[in-house]
Amino acid sequence: MSEIGIGCFKRPLVIAGPCSAENREQLLSTAVAVKETGVKFFRAGLWKPRTKPGGFEGVGAAGLEWLKEVREVTGMKILTEVATPAHLEQVMKINPDLLWIGARTTTDPFAVQAIADALKGTSVPILVKNPLSSDIDLWSGAVERLSNAGVSTIGLIHRGFSTYEHKSYRNAPLWHIPMEMKRRYPSITLICDPSHMGGSRNFIAPICQHAMDLMYDGLMIETHINPEEALSDKAQQITPKELKVILKNLIVRENSKEIEGIGALRSEIDELDDELLKVLSRRMQISREIGEYKKQHKIPVFQKDRYSEIIQSAVSKAKEMDLDEEFVLSVIEAIHRESVRLQLPDSDL
Ligand code: PEP
Ligand code: MN
């Protein structure tokens with residue numbers, strides 16, 4: 001069960017609805033069809049943050065009445081995005097059940113603080129999307145600003161991170177970042193947004209399954225009565241029918257007594273992790289000694305040939321040891337980076 005300040009829900013807590021409210025007819029017909037899938041939370045963006053000017057920027061306050069009507073007609077809870085205190089002031093007139101703060105807003109501490117100040121004295125639950133960049137402190141900073149302003153129910157929406165490199169997903173998941181947020185805030189509700197993460201409807205189902213396997217509390221899935229005609233995020237929206245199929249096929253595993261069966265293996269992992277740390281500590285000690293020697297003999301810290309040698313040897317051993325090459329590369333790179341850092345004169349740089 002997930003507690004989100006407005007009652008308990010069986011995992012997953014599903015939020016569905018279009019990227020944007022476009023007109024009354026689109027919103028209501030989508031909502032009626034979404035309701036039939038059993039979903040209890042309905043989303044629609046009114047003010048749309050667009051990367052480039054000239055795109056559809058949302059219907060703004062004109063959509064508030066339609067959202068209210070959705071709640072009256074279907075009984076679903078309604079939520080939308082707020083990016084400024086002015087949005088908040090307008091949306092509070094329809095008494096929203098929840099609100100979310102978008103990725104671009106979370107990226108800007110001034111904007112988050114302005115919303116946090118404007119939220120003082122209200123009790124609406126707020127979901128905070130991850131910032132665009134993979135900066136965990138920006139995300140937790142937003143949570144803290146809201147919590148310091150007295151917002152008592154805060155949840156997280158993981159929608160992936162912008163990266164310069166082109167990847168198959170629109171936004172890189174970097175699953176370890178929300179996992180670290182869960183470590184920092186163990187009881188916070190964590191929702192995955194496969195639509196903005198994948199950027200394509202084909203990725204929705206596998207991302208939802210992945211999120212369930214990582215014990216996420218919920219999913220926010222962009223759903224449109226006619227995705228082909230959507231005015232924003234067309235490629236990633238699905239129909240209510242497709243939503244129903246995806247939800248039906250989801251395998252939701254719960255933690256249970258069975259977990260005790262892996263107790264022994266977990267102890268072994270703990271011991272191995274201790275050993276890894278001890279080995280790392282010994283390795284860094286040797287790096288420091290080499291650093292001293294290089295300094296005394298005026299030898300440069302970074303030795304290109306030595307570095308390629310280390311990498312090549314690790315990659316060929318990885319193959320023999322049934323370890324993923326890319327994983328081994330990233331570990332060795334991180335270790336080497338730390339060695340170099342320790343050997344530089346000002347190792348705090
Ligand atoms: C949205 O949910 O429609 C949206 C704009 O998302 P994000 O802030 O994640 O880009
Ligand atoms: Mn969208």
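**Exercise 1. Which side chain has an N or O atom 2.9 Å from an oxygen atom of ligand 1?** Work out how the protein holds the rest of ligand 1 too.

*Solution.* Keep in mind that you're looking at a predicted model.
- Start with the pair asked for: the side chain is that of Arg-104, with an N or O atom 2.9 Å from a ligand oxygen.
- Next, check how much of ligand 1 is covered. On its own it exposes 290 Å², and the protein buries 97% of that.
- Now list the neighbours. Ligand 1 is surrounded by 13 residues, and the closest are Arg-43, Lys-48, Ala-103, Lys-129 and Arg-159.
- Finally, zoom in on two of those. Arg-43 uses its side chain, where an N or O atom sits 2.8 Å from a ligand oxygen. Ala-103 uses a polar backbone atom, also 2.8 Å from an oxygen of ligand 1.

**Exercise 2. Find the salt bridge between Lys-68 and Glu-65, and say where the two residues lie.**

*Solution.*
- Look at the side chains: they meet with 4.0 Å from N to O. The cut-off for a salt bridge is 4 Å, so this pair counts.
- Then place the residues. Both belong to helix H2 (residues 64–74), 3 residues apart, or about one turn of the helix.
- For the wider view, the whole structure has 19 salt bridges.

**Exercise 3. Which residues make up the patch of negative charge on the surface?**

*Solution.*
- Pick out the members: Glu-268, Asp-270, Glu-271, Asp-273, Asp-274 and Glu-275.
- Place one of them: Glu-275 is part of helix H11, which covers residues 263–296.

**Exercise 4. Inspect the backbone at Pro-12 and Asn-95.**

*Solution.*
- Go to Pro-12 in the loop between strand S2 (8–9) and strand S3 (13–17). The peptide bond leading into it from Arg-11 is cis, with omega near -10 degrees.
- Move on to Asn-95, in the loop between helix H3 (85–91) and strand S6 (98–101). Asn-95 isn't a glycine, yet its phi is positive, about 55 degrees.

Key:
Residues are numbered from 1 along each chain as its sequence is written. Chains are lettered from A and ligands numbered from 1 in the order in which they are written. This is a predicted model: local features need pLDDT of at least 70, side-chain atom pairs count only at pLDDT 80 or more; totals for chains, interfaces and linings use all residues. Side-chain values use heavy atoms; hydrogens and water are left out. Patches are made of residues with over 30% relative accessible area and no salt bridge: like charges are joined within 9 Å, nonpolar side chains (Val, Leu, Ile, Met, Phe, Trp, Tyr) within 5 Å. Accessible areas come from the Shrake-Rupley method with a 1.4 Å probe; for residues, only the protein chains shown count as cover. Lys and Arg count as positive and Asp and Glu as negative; His and the chain ends are not counted. The place of a charge is taken as NZ of Lys, CZ of Arg, CG of Asp or CD of Glu. Helices (H or I, at least four residues) and strands (E, at least two) are DSSP runs, numbered from the N terminus. A residue is near a molecule or strand if one of its heavy atoms lies within 4 Å of it. A polar contact is a pair of N or O atoms within 3.5 Å; within protein, one must be able to donate a hydrogen and the other to accept it, and residues adjacent in sequence count only if both atoms are side-chain atoms.
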